Amino acid sequence: MRSNKDRPQGGAVPIALKMTGITKRFGALVASDQVSLELGEGEILSLFGENGAGKTTLMNILFGHYTADAGNIEVFSKPLVGGNTKAALDAGIGMVHQHFALGENLTVLENICLGNEPLWSLRFGGVRLADKARQIAQRCGFEVDLDRPVHTLSIGEKQRVEIVKALYRDAKILVLDEPTAVLTPQEAEGLFEVLRHLSTEGLAVIFISHKLKEIMAVSDRICVLRHGRVVLEVTRAEADPDEIAKAMVGQELKPAVRTRLEPGSTLLSLEAVAKKVDQGALGLQEASFTLREREILGITGVSGNGQQELGDILNGITKPDSGHIDWSALNTAGGDGDQLRRDGVARIPADRHAEGVISGMTVWENVISHSLGKFSKNGLLSFDSAQEHSQQLCTSYDVRYDSLHAEVQQLSGGNIQKLILARELSDQPRVIIAVQPTRGLDVGAVDAVHRRLLEMREKGAGVLLITEDLDELFALSDQIAVIYKGKLSPFYSAERLTLKNIGRMMSGFEIATPA
């Protein structure tokens, strides 16, 4: 079946999905504002937009999690009942979320059949089910032992299991939400190949991503949302990356540029630092490196290879089992997170919601949560000075909110991240531990985070950047290392590495020292 990229003028390919005038309000907030879009059979449509632009809301309406306040949806020319996930599944809509919903202790086949077949079917009809699953996997170019436990698979393999699971249910429209967030470059390209192949068979795909390069690589058509409205819709052939970025944020974006600086004195050094973890996880194996002033060290790797353990150790959340950490340049012996923060270490955690803010507290309370002593006297808090300070920082860091007294969980992901930056960087820290600082953020918020980190570097701070975003890695890092199965590679100059080098190292292959 021909895809929309081959559609002649006048449109010969059937329409798989038609959303017309979709509107959804949450109180005074209009999350979707008269959104209309079409998706043809065999077409890959990318949704692109800022955090809070309405992408997730629109897909939640399509998948039945929300009911639209206005508008209608047709799937293959038939009306779709709103607010009913079963109706969406029965209509042929499948969705693969960013965070996989797989039973780690179950086999591949059990996961594929879970929720798709009766509980007794694997016992009495296992051969038939396995044949069907195997045929679908082969369509995806996925050769895997169906009896293999899911916890033994790579991240990329787990993602393909999710896709096979959706196609097992005869999905004709597949929604992928940030599908490359935890993939190596090779795995991401492998996913694109799978999507291109499936689209030639007639599968319609909605691809949600914050990465401009990805949507340019995989899309047939690109739809940009801003403030709940469609502001740009172009084919890939017509697409201009600068125009797309400008449409998304409403203004022209000039990415922050890392200038060459001469590193200063040592701020932090690790020698053979190791951490064991339970239940067969990888842990951290004898990591050694030195961080200096005016330097950004970038560490990357596939999720789950020891990055979390390294970040937790340096943030004072846990202690290493062996090895030595020298904080003496900061006139501290280390300790817990509060002590490190007082001694000049800033922390940007990987999970901004669970670790970066306290969701039940207000915006201003979160801003001053690490500096209560500055606004207290004799145990009494000066609310006026605390709130004035919070407002000044939020203005300086462009944190957008309805009220300082609103609960912080009401902010978008990008604004929560900017709030964390405002709180952590306002006292001019000497060391910054930044773990996945822009995960899930749009290009505008990413640019804001990058500019702040580079600004801190220019002021003399040393930054340890732990990220799975390779564009970010190369944009910010002076030197780069890869962590694989808990083992940290040597650091190489960023200018002497390529994406291919990094991808191979993330997959466990050693590379010759770059020229």
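**Contacts around Thr-23 and Asp-69, with notes on cysteines and confidence**

A polar atom in the side chain of Thr-23 lies 3.1 Å from the backbone nitrogen of Gln-34. This pair comes from a predicted model, and it makes a handy starting point for a look at the surroundings of Thr-23.

Thr-23 belongs to strand β1, which covers residues 15-26. Its relative accessibility is 3%, and because the limit for buried is under 20%, Thr-23 counts as buried. Once neighbours within four places in sequence are set aside, the residues in contact with Thr-23 are Ser-32, Asp-33, Gln-34, Ala-68, Asp-69 and Ala-70. Gln-34 thus appears both in this list and in the side-chain to backbone pair described at the outset.

Asp-69, another member of the list, is worth following in its own right. Asp-69 sits in the loop that runs between helix α1 (55-62) and strand β4 (70-75). With a relative accessibility of 45%, Asp-69 is classed as partly exposed, whereas Thr-23 is buried. Not counting residues up to four places away in sequence, Asp-69 touches Thr-23, Lys-24 and Arg-25. For Arg-25 there is also a polar pair to inspect: the side chain of Asp-69 comes to 2.6 Å from the backbone nitrogen of Arg-25. Readers tracing the chain onward may find Phe-142 a useful landmark, since its C-alpha is 41 Å from that of Asp-69, with 73 residues separating the two in sequence.

The cysteines can be summarised briefly. Counting pairs of cysteine sulfur atoms within 2.5 Å gives 0 disulfides. Cys-113 accordingly takes part in no disulfide, and the nearest cysteine sulfur, which belongs to Cys-140, is 15 Å away. Cys-113 has a relative accessible area of 4% and is therefore buried. Cys-394 is likewise buried, at 1% relative accessibility.

A word on confidence may help when browsing the model. The mean pLDDT of the chain is 86, and 92% of the residues reach at least 70. Among the elements of the chain, strand β13 (residues 295-300) has the highest mean pLDDT, at 97, and helix α4 (residues 121-139) the lowest, at 77. Over residues 1-10, pLDDT remains under 50; for this stretch the model has 23 contacts beyond four places in sequence.

Methods. Residues are numbered from 1 along each chain as its sequence is written. This is a predicted model: local features need pLDDT of at least 70, side-chain atom pairs count only at pLDDT 80 or more; totals for chains, interfaces and linings use all residues. Side-chain values use heavy atoms; hydrogens and water are left out. Helices (H or I, at least four residues) and strands (E, at least two) are DSSP runs, numbered from the N terminus. Buried means under 20% relative accessible area, exposed over 50%, partly exposed in between (1.4 Å probe, protein chains only). A polar contact is a pair of N or O atoms within 3.5 Å; within protein, one must be able to donate a hydrogen and the other to accept it, and residues adjacent in sequence count only if both atoms are side-chain atoms. Contact means heavy atoms within 4.5 Å. pLDDT is the predictor's confidence in each residue, from 0 to 100.
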